[in-house]
Amino acid sequence: MKVLICDATAQKALDMITEAGIEVVNKPDITAEELLVEIHEYDAMVVRSRTQVRKPVIDAATKLKAIVRGGVGLDNIDVKYAGSKGIQVLNTPTASTSAVAELAIGYIFALARHIPQMTSSMGDGEWAKKSFSGTEIAGKTLGLIGIGRIGQATGQKANALGMTSIAYDPYAKESASIELVASLDNLLSRADYISLHVPFTEETRNILNAEAFAKMKDGVYVINCGRGGTIDEDALFDALKSGKVAGAALDVYTEEPSMGHKLYTLPQVIGSPHIGAGTVEAKVRVGTEVAKNVIHALKG
Ligand code: NAD
């Protein structure tokens with residue numbers, strides 16, 4: 001039995017799979033063209049967010065029994081079509097929860113105290129004590145859009161820091177520590193910080209659009225460590241320019257990879273290249289779960 005590793009995966013995972021008697025072929029930079037030609041040789045494939053597993057790949061994968069996604073989102077995989085061909089699609093839903101929640105919390109502090117901008121100013125040889133008046137997060141309201149694993153973890157951490165977390169999620173059950181609000185408008189009108197933790201769906205596409213920004217408090221901060229496409233980036237640009245939104249922190253973008261994005265021409269925007277799950281600990285957890293999924297799918 002053979003598994004193709006299509007995206008960078010922890011060595012520990014590769015070792016665990018090999019020890020289980022499954023041959024590992026590690027091609028973390030495989031191109032879409034190479035994948036189409038080679039996939040017929042494999043019983044399982046491991047991907048993260050880079051590799052696209054659409055109909056042509058699935059059609060070519062005549063032996064494939066499992067597609068294992070290291071991470072949460074399955075938007076790069078045609079899950080229904082794979083299912084129709086009897087191919088299991090497995091992910092590692094809990095492995096990156098802490099990492100992403102911690103990044104969101106880090107961004108709340110960074111926005112409140114302008115930490116990246118101050119660092120950059122120091123690097124420019126300045127001593128701009130008067131330019132960077134911060135605010136405190138204690139006593140502020142965090143509005144979570146989506147209160148699944150990561151939204152919940154982010155809200156609990158924020159509450160422990162003295163914030164009050166509220167959440168909009170029409171599919172969530174009650175939460176012990178976080179008030180669920182009945183409408184998005186309610187959240188938009190109350191939150192000092194808004195953090196997105198929803199998947200990208202037809203319903204969440206541009207859930208923060210110009211209309212939504214208009215309903216927010218003046219000087220609100222917006223954070224997106226969830227999925228690209230959930231913020232109308234042109235509308236965010238305008239809301240930042242007008243001062244309606246005081247600052248934004250972004251880990252995900254409508255188009256990825258995103259180089260030279262116009263939002264980064266604004267000094268109030270800070271961010272990262274989709275590395276929410278990029279901690280040493282999460283990579284090990286993802287790797288371990290990936291390996292277990294591969295072994296379970298191929299060996300039972
Ligand atoms: P989850 O499935 O546990 O939670 C998602 C929540 O969104 C669910 O509670 C769901 O009910 C809610 N939701 C769906 N549609 C909604 C809508 N229209 N309005 C409000 N809420 C809605 O997922 P999770 O593990 O908490 O992950 C959340 C997001 O974070 C996912 O999109 C995932 O892809 C993303 N993520 C990003 C990174 C990163 O590197 N930045 C890493 C891991 C996960």
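Here are a few short exercises on this structure, each with a worked solution.

The model is predicted, so local features need pLDDT of at least 70 and side-chain atom pairs count only at pLDDT 80 or more, while totals for chains, interfaces and linings use all residues. Residues are numbered from 1 along each chain as its sequence is written, and side-chain values use heavy atoms, with hydrogens and water left out.

**Exercise 1. Find out which residues surround the ligand, and which backbone atoms lie by its oxygen atoms.**

Step 1: start with the shell. A residue is near the ligand if one of its heavy atoms lies within 4 Å of it. By that rule 26 residues surround the ligand, and the closest are R149, I150, D169, C225 and D251.

Step 2: sort the shell by class. Ala, Val, Leu, Ile, Met, Phe, Trp, Tyr, Cys and Pro count as nonpolar, Asp, Glu, Lys and Arg as charged, and the others, Gly among them, as polar. That gives 12 nonpolar, nine polar and five charged residues.

Step 3: go through the backbone. R149 has a backbone N or O atom 2.9 Å from a ligand oxygen atom. For V198, a backbone N or O atom lies 3.1 Å from an oxygen atom of the ligand. At G276, a polar backbone atom is 3.2 Å from a ligand oxygen.

Step 4: check how covered the ligand is. Taken alone it exposes 860 Å², and the protein buries 88% of that (accessible areas come from the Shrake-Rupley method with a 1.4 Å probe; for residues, only the protein chains shown count as cover).

**Exercise 2. Decide whether D192 and D43 are buried or exposed, and find a partner for each side chain.**

Step 1: place them. D192 sits in the loop between α8 (184-190) and β9 (193-196), and D43 in the loop between α2 (32-38) and β3 (44-47). Helices (H or I, at least four residues) and strands (E, at least two) are DSSP runs, numbered from the N terminus.

Step 2: apply the cut-offs. Buried means under 20% relative accessible area, exposed over 50%, and partly exposed in between (1.4 Å probe, protein chains only). D192 is buried because its relative accessible area is 17%. D43 counts as buried too, because its relative accessibility is 6%.

Step 3: look for partners. A polar contact is a pair of N or O atoms within 3.5 Å; within protein, one must be able to donate a hydrogen and the other to accept it, and residues adjacent in sequence count only if both atoms are side-chain atoms. The side chains of D192 and K217 are joined by a polar contact of 2.9 Å. For D43, a polar side-chain atom lies 2.8 Å from the backbone nitrogen of K2.

**Exercise 3. Work out where I67 and Y221 sit, and why they count as buried.**

Step 1: I67 belongs to strand β4 (residues 66-69), and Y221 to strand β10 (residues 220-224).

Step 2: I67 counts as buried because its relative accessibility is 0%. Y221 counts as buried because its value is 10%.

**Exercise 4. Pick out the backbone features at P257, H114 and N206.**

Step 1: the peptide bond from E256 to P257 is cis, with omega near -5 degrees. P257 is in the loop between β11 (245-250) and β12 (269-271).

Step 2: H114, a residue other than glycine, has a positive phi near 55 degrees. Its loop runs between α5 (97-113) and α6 (115-123).

Step 3: N206 has a positive phi near 50 degrees, and N206 counts as partly exposed because its relative accessibility is 29%.
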